[in-house]
Amino acid sequence: MKIEVIGSYGGESLECRMTCLLINDTIALDAGSLAQGLSIERQARVRSILLTHSHMDHTNSLPFFVENVYGVVGGAIDIYASSETIYSIRKHMFNNASWPDFTRMPNNLLPAIQFHELLEEIPVVIDGVKFTPFSVNHAVPTFGFLIEQGNSAILWSSDTGPTHRLWELANQTVKVNAICVETSFDNSMQEIADRSFHLTPMTLRRELGKLERPFPILLHHLKPPCLREIRDEVARLKDPNLHFLEQGNTYEL
Ligand SMILES: [Zn+2]
Ligand SMILES: [Zn+2]
């Protein structure tokens with residue numbers, strides 16, 4: 001399984017692109033920077049997108065991506081998400097006010113995009129990669145994913161405050177190559193992190209105590225204004241398993 005980190009941040013700045021992974025060239029996990037982080041030719045190879053939730057740092061590039069590949073690729077782009085996320089994207093994004101409704105363009109029978117509802121704990125297999133959605137603890141309904149292909153597996157937290165099922169799946173799954181965990185704010189912003197259902201290095205450390213054995217941990221979804229503080233605070237935890245999911249990197253599992 002090949003995973004390219006197109007965007008690894010929970011916000012946008014000159015250096016930071018918003019959350020988006022490209023898996024095996026054809027599947028995107030979240031679309032915070034799909035249009036900004038890939039050439040048009042590479043965007044045209046993406047046929048399926050899974051959305052963890054409706055927040056804009058995970059969906060922002062969808063309108064521009066769809067426009068870029070519209071008419072270039074044959075058939076609809078498949079977008080997988082929970083019913084709540086699909087409702088939100090239809091209502092607030094492809095609503096013919098913010099952007100054209102590409103679920104009905106060029107016509108109802110041959111649309112540019114089509115939605116597929118994901119159900120909690122029910123896996124879907126896309127191009128040979130198995131995605132099992134599970135609930136995490138965020139401000140809106142949000143799925144994390146267990147992503148498996150062959151002997152490789154990673155756990156993706158998406159956005160979450162202190163949670164349960166992520167760690168239970170890590171403990172139960174025979175082989176997990178890495179757990180990708182969000183760390184959005186530094187410790188001085190703990191109250192904001194709690195209220196917005198995100199983690200800081202302090203709550204991350206508590207969460208890691210739920211693991212029954214060590215795993216490589218890749219941290220992501222840092223908020224751009226907090227980068228230096230988060231990196232300093234994580235370094236002070238002196239945990240050799242903690243790393244950052246680096247934007248621009250390709251991980252071969
Ligand atoms: Zn986010
Ligand atoms: Zn969010």
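Donors are N, O and S atoms within 2.8 Å of the metal. In this predicted model, the donors of the zinc ion (ligand 1) follow the spacing D-H-x100-D-x61-H along the chain. The residues behind that pattern are Asp57, His58, Asp159 and His221. The aspartates bind through OD and the histidines through NE2, at 2.0 to 2.1 Å.

The zinc ion (ligand 2) has its own pattern, H-x1-H-x82-H-x20-D. Its protein donors are His53 (NE2), His55 (ND1), His138 (NE2) and Asp159 (OD), and they lie 2.1 to 2.4 Å from the ion.

Asp159 appears in both lists because it coordinates both ions, with N, O and S atoms within 2.8 Å of a metal counted as donors. The two zinc ions are 3.4 Å apart.

Next comes the geometry. Around the zinc ion (ligand 1), the angles among the four donor atoms run from 89 to 165°. Four donors count as tetrahedral if all angles lie between 85 and 135 degrees. The site of ligand 1 is irregular. The site of the zinc ion (ligand 2) is irregular as well, with angles of 92 to 164° among its four donor atoms.

Finally, consider how accessible some of these donor residues are. At the zinc ion (ligand 1), Asp57 is buried, with a relative accessible area of 10%, and His58 is also buried, at 1%. At the zinc ion (ligand 2), His53 counts as buried at 0% relative accessibility, whereas His55 is partly exposed, with a relative accessible area of 26%. His55 is not counted as buried because that term requires under 20% relative accessible area.

Key: Residues numbered from 1 in each chain as written. Chains lettered and ligands numbered in written order. Predicted model: local features only at pLDDT ≥ 70, side-chain atom pairs only at ≥ 80, totals over all residues. Heavy atoms only, no water. Donors = N, O, S within 2.8 Å, 3.2 Å for Na, K, Ca; no water. Tetrahedral: all angles 85-135°; square planar, octahedral: opposite > 155°, others 65-115°. Buried < 20%, exposed > 50% of the residue type's maximum accessible area, 1.4 Å probe, protein only.
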